[in-house]
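Work through the exercises below with the sequence and the model side by side. Try each task before reading its solution.

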Amino acid sequence: MSLAIEFFVRLLSLDLQWFVELAMNNIFWLFLFILITFVYHELKWNWKTFFVVIFWFWISIPFIGNLGLVYLVGGLLFINYTARLIVLTFAEAIPSLKNRLPIVMLIQFFTILILYNLFLV
């Protein structure tokens with residue numbers, strides 16, 4: 001059973017012990033996600049950003065690794081961070097998007113990932 005399916009089965013069955021074991025077995029990643037959350041919110045905690053970061057890594061890392069795009073990640077990261085700077089600067093200027101920056105970042109990343117794979121790979 002893949003980790004994604006097992007995750008949702010454990011979530012629906014409220015198996016908290018499995019989640020604690022998952023967090024303790026991956027303590028480095030847990031602290032990395034917490035660090036990224038603090039960096040994105042100017043050293044403030046935000047649960048929504050924390051779960052978006054986890055989802056972002058969970059979806060993107062296996063996708064990039066399974067397609068053999070490990071050698072092309074440098075170009076992807078350059079385009080991603082350049083586009084992120086533009087999109088977040090634009091989104092911060094719009095009052096209705098100011099509260100939804102983690103979601104805007106997630107949509108921007110997947111858009112760049114899809115466009116990069118369609119046109120540049």
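The exercises cover cores, a surface patch, aromatic pairs and two single residues.

The model is predicted, so local features need pLDDT of at least 70 and side-chain atom pairs count only at pLDDT 80 or more, while totals for chains, interfaces and linings use all residues. Residues are numbered from 1 along each chain as its sequence is written, and side-chain values use heavy atoms, with hydrogens and water left out.

**Exercise 1. Find the residues of the largest nonpolar core and the helix that gives the most to this core.**

Step 1. A nonpolar core is a set of buried Ala, Val, Leu, Ile, Met, Phe, Trp, Tyr and Cys residues joined through side-chain atoms within 4.5 Å. Buried means under 20% relative accessible area, exposed means over 50%, and partly exposed lies in between (1.4 Å probe, protein chains only).

Step 2. The largest such core has 10 residues: V52, W56, L76, A83, L106, F109, F110, I112, L113 and Y116.

Step 3. Helices are DSSP runs of H or I with at least four residues, numbered from the N terminus. Helix 4 (47-66), helix 5 (73-93) and helix 7 (101-119) each give two or more residues to this core. Helix 7 gives the most, with six residues.

Step 4. A second, separate core has five residues, including L88, A91, L101 and M105.

**Exercise 2. List the contacts of W56 and of T49, leaving aside neighbours within four places in sequence.**

Step 1. Contact means heavy atoms within 4.5 Å.

Step 2. W56 is in contact with Y40, N80, R84, L106 and F109.

Step 3. T49 lies in helix 4 and is in contact with T37, Y40, H41 and P102. T49 counts as buried because its relative accessibility is 1%.

Step 4. F33 and T49 are 16 residues apart along the chain, and their C-alpha atoms are separated by 9.4 Å.

**Exercise 3. Describe the nonpolar surface patch that includes I27.**

Step 1. Patch residues have over 30% relative accessible area and no salt bridge; nonpolar side chains (Val, Leu, Ile, Met, Phe, Trp, Tyr) are joined within 5 Å, and like charges within 9 Å. A salt bridge is a side-chain nitrogen of Lys or Arg within 4 Å of a carboxyl oxygen of Asp or Glu.

Step 2. V20, M24, I27, F28, W29 and F31 make a patch of about 640 Å². Helix 2 (16-25) and helix 3 (27-40) each give two or more residues to the patch. Helix 3 gives the most, with four residues.

Step 3. I27, in helix 3, counts as partly exposed because its relative accessibility is 34%.

**Exercise 4. Classify the aromatic pairs F7 with F8 and W47 with F51.**

Step 1. Rings of Phe, Tyr and Trp (its six-membered ring) pair if their centres lie within 6.5 Å; planes under 30 degrees apart count as stacked, over 60 as edge-to-face and the rest as tilted. This rule gives 11 aromatic pairs.

Step 2. The F7 and F8 rings have centres 5.3 Å apart and planes at 80°, so this pair is edge-to-face.

Step 3. W47 and F51 are stacked, at 5.8 Å centre to centre and 25° between the planes. Both lie in helix 4, four residues apart, about one turn of the helix.

Step 4. One aromatic cluster is formed by F38, W45, W47, F50 and F51.

**Exercise 5. What is notable about phi of L14?**

Step 1. Most residues other than glycine have a negative phi.

Step 2. Phi of L14 is near 55°, a positive value in a residue other than glycine.

Step 3. L14 lies in the loop between helix 1 (3-12) and helix 2, and counts as exposed because its relative accessibility is 67%.

Definitions and conventions
Accessible areas come from the Shrake-Rupley method with a 1.4 Å probe; for residues, only the protein chains shown count as cover.
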